[in-house]
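Visitor: I am new to this structure and would love a close look at one small part of it. Please choose a part, show me what surrounds it, and then help me place it in the whole.

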Number of protein chains: 2
Amino acid sequence: MTDPFAHGQLNLVPFVSVHHMMELVLEIGVERFLTELTGYIEEDFRRWEAFDKTPRVASHSREGVIELMPTSDGKHYGFKYVNGHPKNTREGRQTVTAFGVYADVGNGYPLLISEMTILTALRTAATSALAGKYLAPKGARTMALIGNGAQAEFQAMAFKALLGIDRLRLYDIDHAASEKCLRNLAGLGFDMTVCGTAEDAMEGAEIVTTATADKQYATILTDNMVGAGIHINAVGGDCPGKTELHRDILTRSDIFVEYPPQTRIEGEIQQLEPDHPVEELWRVITGQAAGRREAGQITLFDSVGFATEDFSALRYVRDRLAGTDHYVNLDLLADPDEPRDLFGMLLRFPGSSLLASRRRA
Amino acid sequence: MTDPFAHGQLNLVPFVSVHHMMELVLEIGVERFLTELTGYIEEDFRRWEAFDKTPRVASHSREGVIELMPTSDGKHYGFKYVNGHPKNTREGRQTVTAFGVYADVGNGYPLLISEMTILTALRTAATSALAGKYLAPKGARTMALIGNGAQAEFQAMAFKALLGIDRLRLYDIDHAASEKCLRNLAGLGFDMTVCGTAEDAMEGAEIVTTATADKQYATILTDNMVGAGIHINAVGGDCPGKTELHRDILTRSDIFVEYPPQTRIEGEIQQLEPDHPVEELWRVITGQAAGRREAGQITLFDSVGFATEDFSALRYVRDRLAGTDHYVNLDLLADPDEPRDLFGMLLRFPGSSLLASRRRA
């Protein structure tokens, strides 16, 4: 295998900044990027059993959480650093920021460092659309989008690219968020309605995406709002203490999850008994389990975001990055002439004072 | 608290490359760097109970291991990415490379990204010297240095800076390694002897540092080689299946460790019963436990390297970096005008094709 980034310098690691990521996404095109990324995520779900899976390593504080999400397929290793601090928006910061590293298992050397704030937004939407492909009613065109924050437009674009959704019913407790969403998506092929209530947004929707951000038990959807046959894409309930759906909706739904040990802690199903039956998305994708079986069924994708999806995203970015100029090389790894001579590298560094003091001696 | 790196741009994170780290180390001076770094490590050991401690998260493969080592003191969070691949040297790569991140717990934003290959070598040596300060015989001047690879000179410099060690007895199974060590340390204030055997190296030594690299059970020191009163600084035995000392030495020694749950898996004491008594270094430093009590006692620091030491090292580098030009700022974090408008940032990016397609519409 030739390394597309081969430069003969073992110290260098390609780095994709936020600026570079935007260049890459726009060069490829948002819809195509989402479609191709969904393909990578699907491919990795198909070989689910090849992955070394650990629940994320979380460091909780009063203000939020910092997490490391590692995984490996035996050939490559990836991890994401991600924070979640709901109060950040008050200081003009992002609630969630992230970066990730992709590495070679054979020698442990990083192959890519990338911003993952934008990339996470894209992979979250791509994973939702992937689940939707298997679970949503066939021919669905209308999606209710409840919670119109940072994730909303990405969800809309992914469902458009993958499922052909072209009618959006927007609702947010903060009307300005819906207006922002409306402005951002204007002219991109959607028929959009801003709704005054969540109930109103549900009218005629075949898919409902919930993507609200408060770190608290909330009830964005109540049982009476959910009719037969709908697909629920629950994105916002993604950490302990943070849910969006009334428990009664869950017991009426067939629930699909990424990785049960993590979702039972972080997802909507934290409200249920620990042995409540759920189906794993990878088993639906590989045909080992059924997705949507009948028109009246309520399907629920309880999305929390799993490490393999970040792995797929890093894998995709690295493949797409080769041959472009949307990265810089970072001098991250010490590369002495002789591997055991790390001190000698310091000693021979131009202007080394060690050398100077020795010369004086 | 004012941020010494304040630049009014929330997207930027200072990055210390290998080149920058060498500049910083040489500007400060290796001995002073090691002395000050030891101070930071000692300070953090003194507030040991403030740290959130988790054993490292390891991903093992046939060829080696990739690990994440996170910790937090409640105000700051740090983690290190580090690999261990003994076969790497055959391809001209380092056995161990590392980088680390230091972040603000309050908002989850990274404050520093740094190379840590050089920094780990320095912090490992600094921690050994710190343990030596409390455990080695008073007035010790002679150290046997067994294993003359990448870590050897750093150990020598740290014990010189902190304890005044100025006589070294070098031994390595590969004579060329000892010769490299001799060359690198020439003129830096040591009286050095290259020895033909490990036994020979032990002659007259008050401290013995073992820092060999093979990933296998080895017996660098046998029981008969270890006389009364010596301090053993065992650096090389640092992962499951990798030890350096004969078991009988361990049972004759008073053993001091960083974090017992990790050392029992990775250190020399993996050879002992899981309840074999060990003392924690932080308790010696805070005066809650005795260090060296008598001249004839054999003390053993079973070093494996713990996350708090990396935290201390990142904390030190960040403090010392302020006001220098030994870093660059990376555009790592998305910083939209409005935190919830991540998609809008993409949309308004110069040359955005999204915008173009909308204009055409």
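Guide: Let us begin with a word we will need: two strands count as paired if DSSP finds at least two bridges between them. Strands and helices themselves are DSSP runs, numbered from the N terminus. Please keep in mind that this is a predicted model.

The part I have chosen is strand β1 of chain B, which covers residues 12-16. All of it is hidden: 5 of the 5 residues are buried, so the strand is largely enclosed by the rest of the structure. Its side chains go two ways, with B:L12, B:P14 and B:V16 pointing to one side and B:V13 and B:F15 to the other. Residues on both sides are buried.

Now for the neighbours of β1(B). Strands of a sheet pair through backbone hydrogen bonds, either parallel or antiparallel. Our strand shows both kinds of pairing. With β18(B), residues 328-331, β1(B) pairs in the antiparallel sense over 4 bridges. Here B:P14 stands opposite B:N329. With β7(B), residues 110-115, the pairing of β1(B) is parallel and runs over 2 bridges. In that pair, B:F15 has B:I113 as its bridge partner.

From β7(B) we can step outward to β6(B). These two strands pair in the antiparallel sense over 5 bridges, and B:G100 has B:S114 of β7(B) as its bridge partner. They make a hairpin, with 5 residues between the strands. In the turn of that hairpin, B:G108 has a positive phi of about 75°. Strand β6(B), residues 98-104, is mostly covered too, with 6 of its 7 residues buried.

One more step takes us to β5(B), residues 76-84, which pairs with β6(B) in the antiparallel sense over 7 bridges. Within this pair, B:V82 is found opposite B:A98.

Let us now cross to chain A. A turn of 180° and a shift of 0.0 Å along the axis lay chain A on chain B with an RMSD of 0.0 Å. That is the relation of a two-fold axis. The two copies also use the same surface: 100% of the contact residues of chain A recur in chain B.

In chain A, strand β5 also covers residues 76-84, and A:H76 lies in it. Is A:H76 buried or exposed? A:H76 is buried, because its relative accessible area is 18% and the cut-off for buried is under 20%. Leaving aside residues up to four places away in sequence, A:H76 touches A:T71, A:Y102, A:A103, A:D104, A:V105, A:L111 and A:F311.

For a contrast, look at A:G8, in the segment before β1 of chain A. A:G8 is exposed, with a relative accessible area of 75%. Its C-alpha atom is separated by 41 Å from that of A:H60, which is 52 residues away along the chain.

Further along chain A comes helix α1, residues 18-28, where 8 of the 11 residues are buried. Among the buried ones are A:V18, A:M22 and A:L26. A:S17 caps the N-terminal end of α1(A), with a side-chain oxygen 3.3 Å from the backbone nitrogen of A:H19. Just after the helix, A:G29 takes a positive phi of about 100°.

Chain A also contains an open sheet of 8 strands, paired in parallel in the order β10-β9-β8-β11-β13-β17-β15-β16. At its edges are β10(A) and β16(A), each of which pairs on one side only. Strand β16(A) pairs with β15(A), residues 254-257, over 2 bridges. Helix α3 of chain A, residues 117-135, packs on this sheet and touches β13(A), β15(A) and β17(A). The direction of α3(A) makes about 160° with that of β17(A).

Finally, a look at the cysteines. A disulfide is a covalent bond between the sulfur atoms of two cysteines. The structure holds 0 disulfides over all chains. In chain B, the sulfur of B:C181 is 12 Å from the closest cysteine sulfur, that of B:C195, which is too far for a bond. With a relative accessibility of 0%, B:C181 counts as buried.

How values were computed. Residues numbered from 1 in each chain as written. Chains lettered and ligands numbered in written order. Predicted model: local features only at pLDDT ≥ 70, side-chain atom pairs only at ≥ 80, totals over all residues. Heavy atoms only, no water. Contact = heavy atoms within 4.5 Å. Axes fitted to C-alpha atoms, helices over the stretch in contact; angles between N-to-C directions. Buried < 20%, exposed > 50% of the residue type's maximum accessible area, 1.4 Å probe, protein only. Polar contact = N/O pair within 3.5 Å; in protein donor to acceptor, adjacent residues only side chain to side chain. Least-squares fit on C-alpha atoms with pLDDT ≥ 70 in both. Disulfide = S-S within 2.5 Å.
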